[in-house]
Structures are given as structure tokens and as C-alpha cells.
Amino acid sequence: MGDTVEEIEEVVEKWSQEDVLALERWWIKCKARRSAHEISANSMEKLHKGIAFPSVLVSAVLSSITFQDDMPTFLAPALSILVTLGATTQAFFGFEKKSEGHRGVSRAFGGLQRSIELEIVRQETSFSKFFERMNTEYSSLVQDAPVLTAGGRRVLESEGRGDAPNPFDTFKKVSAVVT
């Protein structure tokens with residue numbers, strides 16, 4: 001019994017100009033969020049380095065003066081307190097982890113942005129399936145993304161965050177033409 005499996009090739013209709021233009025808003029949002037998270041990552045990295053490097057330097061100085069007899073007695077405890085404050089601040093706020101989190105989300109938004117660009121050219125997936133997948137990925141990224149820094153929020157607002165896509169916008173345009 002030679003069961004053969006038939007491959008059914010899905011025929012994908014070319015997207016309309018309106019379909020492609022509908023993706024422009026999402027592409028702008030992905031670009032803005034990618035930039036916002038990249039700026040937030042850079043801010044967190046600067047904070048991490050700004051606290052970690054001086055702590056390491058002070059720790060090195062502290063270790064070399066600990067065995068000096070002619071140093072003032074208050075210097076070693078004061079430097080120890082500075083090192084402890086730096087290490088505690090780093091551990092509590094986790095600037096390095098936050099930086100990596102923002103960088104990962106930035107890369108993911110960049111990937112989604114490239115996916116939109118490629119699919120506009122290829123059009124290998126039906127528009128509705130692609131739009132649904134893109135919407136799901138975007139929503140998941142926004143939900144799981146770390147909180148933006150002030151600089152990241154400014155970029156997001158200035159680069160076209162806009163309102164969330166509203167499925168009724170299309171109907172409003174059609175009804176405006178009809179009436």
C-alpha cells in the first residue's frame with residue numbers, strides 16, 4: 001500500500017499597497033524601541049563602569065596602603081567604606097545586568113524591524129499571518145522589556161511611538177470616504 005503524501009503548496013497573494021503601508025507604523029515603532037533600548041543600555045553601562053572602575057582603583061590603593069605604617073589611621077577605614085559602597089550599589093542596582101537586558105531587547109526589536117523589511121520584499125507569507133505573528137512578537141517584546149531610562153523614554157517619544165495600532169482606524173478611513 002503505497003501511501004503517498006501530497007504536498008500542498010500554499011499560494012500567497014501579493015500584498016496590497018495598503019497592507020505594506022500598514023506595516024510602516026510598526027516598522028517605525030520597532031526602530032524607535034530599538035534606539036530607546038540601545039540608549040538605555042549605554043546609560044546602564046556607563047553607570048556600571050562609573051561605579052565599578054573607581055571601586056577597583058580604591059580597592060587597589062587600599063590593598064597597597066594597608067601595610068604602610070606611616071599612613072593616617074582614618075585612611076584605610078575611609079577607603080574600605082568607599083569600596084563597600086561601590087560594591088553594594090553595584091550589587092543592589094545590577095547596572096550590568098540591566099545593560100545586557102536592554103541590549104538584548106534592542107537586538108530583538110532590530111530583528112523584528114529587519115523581518116518587516118524582508119517580508120515586504122519577499123511576501124512569502126500571507127499578510128494576515130505575518131501581521132498576526134509580528135503583532136504577537138512585538139507585544140511580547142514590549143511586555144518583557146526592562147524599564148527604559150529617561151533618555152530612552154525621550155527617544156521613544158521623539159522617534160514616533162504614537163498610539164497603539166487600532167483596528168478601527170481602517171474602518172474610520174473607509175467610512176469617511178463613503179459618507
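## Contacts around α5

Contact here means heavy atoms within 4.5 Å. With that in mind, let us look at this predicted model, starting with helix α5, whose buried residues pack against α1.

Which residues of α5 are buried? They are Gly 151, Gly 152, Val 155 and Leu 156. These four cover an arc of only 135° around the axis, so they sit on the same side of α5. Turn to the other side of α5 and you will find Arg 154, Glu 157 and Ser 158, which are exposed.

## The loop before α5

Just ahead in our tour is Thr 149, in the loop between α4 (127-144) and α5 (150-158). Is Thr 149 buried or exposed? Its relative accessible area is 13%, and since buried means under 20%, Thr 149 counts as buried.

Where does Thr 149 make its contacts? Setting aside neighbours within four places in sequence, Thr 149 touches Ser 40, Ser 43 and Met 44.

## α1 against α3

Packed helices have a handy shorthand: two of them are described by the angle between their axes and the distance between the axes. For helix α1 (residues 17-65) and helix α3 (residues 95-122), the angle is about 160° and the axes are 7 Å apart. Angles over 145 degrees count as roughly antiparallel, and α1 is therefore roughly antiparallel to α3.

The crossing of α1 past α3 is left-handed. As for the chemistry of this contact between α1 and α3, its residues comprise 15 nonpolar, nine polar and nine charged.

## α1 against α4

How do the axes of α1 and α4 cross? They do so at roughly 20°, coming within 12 Å. With angles under 35 degrees counting as roughly parallel, this makes α1 roughly parallel to α4. The crossing of α1 and α4 is left-handed.

If you would like to trace this contact in the structure, the α1 side is made up of Asp 19, Ala 22, Leu 23, Trp 26, Lys 29, Cys 30 and Arg 33. They meet α4 at Phe 127, Phe 130, Phe 131, Met 134, Asn 135, Tyr 138 and Val 142. Sorted by type, the residues of the contact of α1 with α4 are 10 nonpolar, one polar and three charged.

## Bringing it together

Helix α1 is a good thread to follow through the model. It runs roughly antiparallel to α3 and roughly parallel to α4, and the buried residues of α5 pack against α1 as well.

Conventions:
Residues are numbered from 1 along each chain as its sequence is written. This is a predicted model: local features need pLDDT of at least 70, side-chain atom pairs count only at pLDDT 80 or more; totals for chains, interfaces and linings use all residues. Side-chain values use heavy atoms; hydrogens and water are left out. Axes are lines fitted to C-alpha atoms, for helices over the stretch in contact, and angles run from 0 to 180 degrees between N-to-C directions. Helices (H or I, at least four residues) and strands (E, at least two) are DSSP runs, numbered from the N terminus. Angles under 35 degrees count as roughly parallel, over 145 as roughly antiparallel, 65 to 115 as roughly perpendicular and the rest as oblique. A crossing is left-handed if the near helix is turned anticlockwise from the far one by less than a right angle, and right-handed if clockwise. Ala, Val, Leu, Ile, Met, Phe, Trp, Tyr, Cys and Pro count as nonpolar, Asp, Glu, Lys and Arg as charged, and the others, Gly among them, as polar. Buried means under 20% relative accessible area, exposed over 50%, partly exposed in between (1.4 Å probe, protein chains only). The arc is that of the directions from the helix axis to the C-beta atoms.
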